[in-house]
Amino acid sequence: MAGPRHISVSETSRPVLPRHAKLKYDETRKVWVILAPERVLAPDEIAVEVLQLCDGERNVGEMSDQLATKYAAPREAILADVIVMLQDLADKGFLTEAREKTS
C-alpha cells in the first residue's frame, strides 16, 4: 500500500484531507478534531476554518482571497500564513493534493 503523497503547498495547490483523515466536531470535548488512524489532531479555530475550505476544488489562492475578504485583511499576509499552516499539516500527513479528475 502506498504511503501518503507529500506535497509542497503553493498558491495553486488544491489541498484536501486524505481518505484516511476526517475533520469532525467532537461533541464531548466541544472541539474540532482531525481523526486519522491512531492519531488525533485538535486544530485551532483559524485552522479549522481553513481546513473547511480544503475541498480539493479551491486552490490555496482562492481560499486566501475568501479569507482576506471575510476578515478585511491583506491577501498576501493571509496567503503566507495559510501556506505555512497547510504545509505543516501536509508534512504531518494530514493533507494531500487533490487528484485531477479523469473522465
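Guide: Before we start, one term: a helix axis here is a line fitted to the C-alpha atoms over the stretch in contact, and angles between N-to-C directions run from 0 to 180 degrees. Keep in mind, too, that this is a predicted model.

Visitor: Good to know. What is the mean pLDDT of the chain?

Guide: Let's take the residue share before the average. Of the chain's residues, 90% reach 70 or more. The mean pLDDT for the chain is 90.

Visitor: And which element has the highest mean pLDDT?

Guide: At the low end of the elements sits strand β5 (residues 96–97), with a mean of 91. At the other end, with a mean of 97, is α2.

Visitor: On to the helices. At roughly what angle do the axes of α1 and α2 cross?

Guide: Helix α1 covers residues 45–53 and helix α2 covers residues 60–71. Their axes come within 10 Å, and the crossing angle is roughly 135°.

Visitor: Is α1 oblique or perpendicular to α2?

Guide: Angles over 145 degrees count as roughly antiparallel, and 65 to 115 as roughly perpendicular. The α1 and α2 axes cross at roughly 135°. That's why α1 is called oblique to α2.

Visitor: How many nonpolar residues are in the contact of α1 with α2?

Guide: From α1 come E49, V50 and L53, while α2 brings M63, Q66, L67, K70 and Y71. Sorted by class, 2 are charged and 1 is polar, and the nonpolar count is 5.

Visitor: Where do the axes of α1 and α3 stand: oblique or roughly perpendicular?

Guide: Helix α3 spans residues 75–91, and its axis comes within 11 Å of the α1 axis. The two cross at roughly 80°. An angle from 65 to 115 degrees has its own class, so α1 and α3 are roughly perpendicular.

Visitor: How many charged residues are in the contact of α1 with α3?

Guide: A47, V50 and L51 of α1 meet V82, M85, L86 and L89 of α3. By class, 7 residues are nonpolar and no polar ones take part. The charged count comes out the same way: none.

Visitor: What about α2 and α3: is their crossing left-handed or right-handed?

Guide: The two axes come within 9 Å and cross at roughly 125°, and the helices are therefore oblique to each other. As for the hand of the crossing of α2 and α3, it is right-handed.

Visitor: How many nonpolar residues are in the contact of α2 with α3?

Guide: On the α2 side you'll find V60, G61, M63, S64, D65, L67 and A68, and on the α3 side R75, I78, L79, V82, I83 and L86. Polar and charged residues contribute 2 each, and the nonpolar ones number 9.

Visitor: Now the sheet. Which strands stand at the edges?

Guide: The 3 strands form an open, antiparallel sheet in the order β2-β3-β4. Its twist averages 35° from one strand to the next. Two strands have a single partner each, so one side of each lacks a neighbour in the sheet: β2 (22–26) and β4 (39–41).

Visitor: How many bridges join β2 to β3?

Guide: One pairing is K22, whose bridge partner in β3 is L35. β2 and β3 run antiparallel, and the bridges between them number 5.

Visitor: Which residue in the hairpin of β2 and β3 takes a positive phi?

Guide: The hairpin has 4 residues between its strands. With a phi near 60°, the residue is K30.

Visitor: Last one: which residue in β4 does I34 stand opposite?

Guide: Strand β3 (residues 31–36) is joined to β4 by 3 bridges, with the two running antiparallel. Across from I34, in β4, is L41.

Methods. Residues are numbered from 1 along each chain as its sequence is written. This is a predicted model: local features need pLDDT of at least 70, side-chain atom pairs count only at pLDDT 80 or more; totals for chains, interfaces and linings use all residues. Side-chain values use heavy atoms; hydrogens and water are left out. Two strands pair if DSSP finds at least two bridges between them. Angles under 35 degrees count as roughly parallel, over 145 as roughly antiparallel, 65 to 115 as roughly perpendicular and the rest as oblique. Contact means heavy atoms within 4.5 Å. Ala, Val, Leu, Ile, Met, Phe, Trp, Tyr, Cys and Pro count as nonpolar, Asp, Glu, Lys and Arg as charged, and the others, Gly among them, as polar. pLDDT is the predictor's confidence in each residue, from 0 to 100. A crossing is left-handed if the near helix is turned anticlockwise from the far one by less than a right angle, and right-handed if clockwise.
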